[in-house]
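Please walk through this fold helix by helix, and then look at the space that is left between its parts.

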Amino acid sequence: MDKPELFVSKPAGPEKESWYHYRLKEEQETPKRLEDAAKFLASMISVSLSIFLSVSGKSGFPETRGVTAALVMWILSLILSFFVLFPFRYRFSADSVKSFRGAHRKIVAVKRFLLTLSLVLFALALIALIFIFL
C-alpha cells in the first residue's frame with residue numbers, strides 16, 4: 001500500500017503577510033471611505049443646486065412637473081447622503097469577533113446602498129434638469 005504524500009506548509013513571507021494586513025485594513029476602513037464619499041456627494045449636490053438656481057435667474061425654476069420631480073430627487077439625494085453619515089445602531093456582541101464582523105458587513109451594506117441610491121437620484125435629477133433647461 002502506498003504511503004500518503006506529506007505536505008509541509010511554509011509560513012507566509014513578509015510580502016504576502018503585508019498584503020494580507022493591507023487587505024484587512026482596507027476592509028475595516030470601508031465605512032470611513034463611504035462616509036467620505038457621501039460628504040463629497042453632499043457638497044456636489046449643494047454646489048450644483050446653487051449653480052442651477054443662479055443660472056435660472058431670479059425667477060427660480062419654472063413651475064413644471066419635471067422640475068418639481070427633479071428637485072424632489074435632488075433633495076432626497078441630499079438626505080440619503082446625510083444618512084450615510086448617520087450613526088445607526090447595529091446589534092453585535094462585544095465579546096464575539098464573528099458578531100462584530102457581521103455588524104461590520106451590515107454597516108458597509110447599508111452605507112453602500114444609501115450612497116448608491118443617493119448618487120442615482122442625483123444623476124437622474126441632473127439629467128432631468130439638463131433636458132429641461134436645454
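Throughout this account, contact means that heavy atoms lie within 4.5 Å of each other. With that in hand, and bearing in mind that the model is predicted, a convenient place to begin is Y90, which is placed in the loop between α3 (65–85) and α4. Once residues up to four places away in sequence are set aside, Y90 touches A103, K106, I107 and V110. A further residue, A109, stands 19 residues from Y90 along the chain, and the C-alpha atoms of Y90 and A109 are separated by 12 Å.

From this loop the chain can be followed into α4 (97–133). How far apart are the end C-alpha atoms of α4, and does that distance agree or disagree with what its residue count leads one to expect? The 37 residues of α4 should span 54 Å at 1.5 Å a residue, and because its end C-alpha atoms are 53 Å apart, the two values agree. Along this helix the buried residues are A103, H104, V108, K111, L114, L115, S118, L121, F122, A125 and L129, and what covers them includes α1, α2 and α3.

One member of that list, K111, deserves a separate look, since it is a lysine located in helix α4. Why does K111 count as buried? Its relative accessible area is 7%, and buried means under 20%, so K111 falls on the buried side of the cut-off. Beyond its neighbours within four places in sequence, K111 is in contact with P31, L34, E35, V84 and F86. Of these partners, P31 and L34 are themselves among the buried residues of α2.

Helix α2 covers residues 30–55, and its 26 residues reach 37 Å from the first C-alpha to the last, which is close to the 38 Å expected at 1.5 Å a residue. Its buried residues are T30, P31, L34, A38, L41, A42, I45, S48, L49 and F52. An α-helix has 3.6 residues a turn, so residues three or four places apart point the same way. The buried residues of α2 pack against α1, α3 and α4.

Which residues have the most contacts inside the largest nonpolar core? This core has 21 residues, and those with the most contacts inside it are L41, I45, W74, V84, L115, F122 and L129. The elements that give two or more residues to the core are α2, α3 and α4. I45 can serve as an example of how its surroundings are made up: leaving aside neighbours within four places in sequence, I45 is in contact with W74, S77, L78, S81, S118 and F122.

Helix α3 also holds residues that are not buried. G66 lies in this helix and, at 33% relative accessibility, counts as partly exposed; its C-alpha atom is separated by 17 Å from that of S48, a residue 18 places away along the chain. A69 is found in α3 too, and because its relative accessibility is 38%, A69 likewise counts as partly exposed. The C-alpha atoms of A69 and E26, 43 residues apart along the chain, are separated by 38 Å.

Ahead of α1 comes a segment that contains G13, which at 29% relative accessibility counts as partly exposed. G13 and V120 are 107 residues apart in sequence, and their C-alpha atoms are 43 Å apart in space.

There remains the open space. The largest pocket has a volume of about 240 Å³, and its lining is formed by Y20, R23, L24, E27, Q28, V97, F100, R101, H104 and R105. Helices α1 (14–28) and α4 each supply at least two residues of this lining, whose residues divide into 4 nonpolar, 2 polar and 4 charged. H104, one of the lining residues, also appears among the buried residues of α4.

Technical notes
Residues numbered from 1 in each chain as written. Predicted model: local features only at pLDDT ≥ 70, side-chain atom pairs only at ≥ 80, totals over all residues. Heavy atoms only, no water. 1 Å grid on protein atoms, 1.4 Å probe; cavity = no way out; pocket = protein on both sides within 12 Å on 5 of 7 lines; lining within 4 Å. Points joined across faces, edges and corners; volume = space filled by probe spheres on them. Helix = DSSP H or I, 4+ residues; strand = E, 2+ residues; numbered from the N terminus. Nonpolar A, V, L, I, M, F, W, Y, C, P; charged D, E, K, R; others polar. Expected span 1.5 Å × (residues − 1). Buried < 20%, exposed > 50% of the residue type's maximum accessible area, 1.4 Å probe, protein only. Core = buried A, V, L, I, M, F, W, Y, C linked by side-chain atoms within 4.5 Å.
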